[in-house]
Amino acid sequence: MNGVGILGIGAYRPHRVVGNEEVAARTGRTAEWIERRTGIVERRYAGAGESVTDMAVEAARKAAADAGIAPGKLGAVILASMSYLRQSPGGAGEIADRLGIRAAAFDLNAACAGFCYALALAAAMVRDGSAQYVAVIGSDRMTDIVAPEDPSAAILFADGAGAVVVGPQDDEGIGPVVWGSDGSRAGLIAHDATWDEFRGDPEKPWPVMRMAGPEVFRWAIEEMPPVARAALEAAGVTPGELDAFVPHQANLRMIETITQRLDLPGSVAVARDVAHSGNTSAASIPLALARLKELGSVGSGGLALLLGFGAGLTWGAQVVRLP
């Protein structure tokens, strides 16, 4: 074995399906307006027994089964999440314990780019021998950190978890990551208060994540296409060789605009899982990968361009070969 790749994919979607009518009733919008502006028809909300770690464990188990390995062979667990509410310890250790392993485990918060960041770290760990198999999990319960009446955020965000198992294979299956951040624009997607401010002022409402939607939209459609092209170049892949494009499922209008600006061939399957899953932050790319597999849109061994971006502002992209 002289390569590293994605060996299996798993997904967990909460049981509760929430349509636009319910969201419209508390955000002052209409169901038609929400679908027109976001492309979202429905999304999933987590309930009791569907915490960030609950969902992550189930997604990881499915990914391991899809990879054909026992969870006991996992040498590391990486949890990408921006909504795990316990400050310490991180959630990855609990996930590892529930999988029955005493592996290296840590959390990573790069918001909606978190899965791409975690995937790059997992590939490096397998290459340098730190772990033979790594579970990379994106799990977010965004309904815990978004104000339910906020028309800029509540219409978009939802809950779910997706996971992959990264391990050795004959050929290279995970291309170089192209990543970065712009902290000068951190305020575009951020909580409206710190925990210190909340604790120090009992009259202050619970901190929630707010988003400057139009500004984020303009940033993404202008600056993410060059990142995607750089990832293709780093992997030595042309757009015509791609089988799929799997961007962060932020907003369908955003996905369509970025796809158009990349000028991808019509043969490339574009992930549009946002229509039925909403924006699940770090979970969105692995959930979208799982959906493509479920639909049979991309065959085994197909090349996919992943592109994550979000709060921080952070971004990451890489080309991968699908299991």
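Me: What volume does the largest pocket have?
Reply: In this predicted model, the largest pocket has a volume of about 590 Å³.

Me: And which residues are closest to its centre?
Reply: The lining of the largest pocket is made up of 25 residues, and the closest to the centre are Met82, Tyr84, Asn109, His191 and Trp195.

Me: Which elements give two or more residues to that lining?
Reply: Those elements are strand S5, spanning 104-108, and strand S9, spanning 189-191, with S9 providing the largest share, namely three residues.

Me: How do the residues of that lining divide into nonpolar, polar and charged?
Reply: For the largest pocket the lining holds 14 nonpolar residues, together with nine polar and two charged ones.

Me: OK, switching over: what's the volume of the second largest pocket?
Reply: The second largest pocket has a volume of about 450 Å³.

Me: How many residues line that one, and which lie nearest its centre?
Reply: There are 29 residues in the lining of the second largest pocket, and those that lie nearest its centre are Leu156, Met211, Gly213, Pro214 and Asn251.

Me: Which element gives the largest share there?
Reply: Helix H7 (213-235) does, with five residues of the lining of the second largest pocket, while helix H2 (31-38), strand S10 (209-211), helix H8 (252-262) and strand S13 (303-310) are also among the elements that each supply at least two.

Me: And how many of its lining residues are charged?
Reply: Four of the residues lining the second largest pocket are charged, alongside 18 that are nonpolar and seven that are polar.

Methods: Residues are numbered from 1 along each chain as its sequence is written. This is a predicted model: local features need pLDDT of at least 70, side-chain atom pairs count only at pLDDT 80 or more; totals for chains, interfaces and linings use all residues. Side-chain values use heavy atoms; hydrogens and water are left out. On a 1 Å grid over the protein atoms alone, a cavity is a set of points where a 1.4 Å probe fits but cannot get out, and a pocket is an open set with protein on both sides within 12 Å along at least five of seven lines; lining residues have an atom within 4 Å of a point. Grid points are joined across faces, edges and corners, and a volume is the space filled by probe spheres set on the points. Helices (H or I, at least four residues) and strands (E, at least two) are DSSP runs, numbered from the N terminus. Ala, Val, Leu, Ile, Met, Phe, Trp, Tyr, Cys and Pro count as nonpolar, Asp, Glu, Lys and Arg as charged, and the others, Gly among them, as polar.
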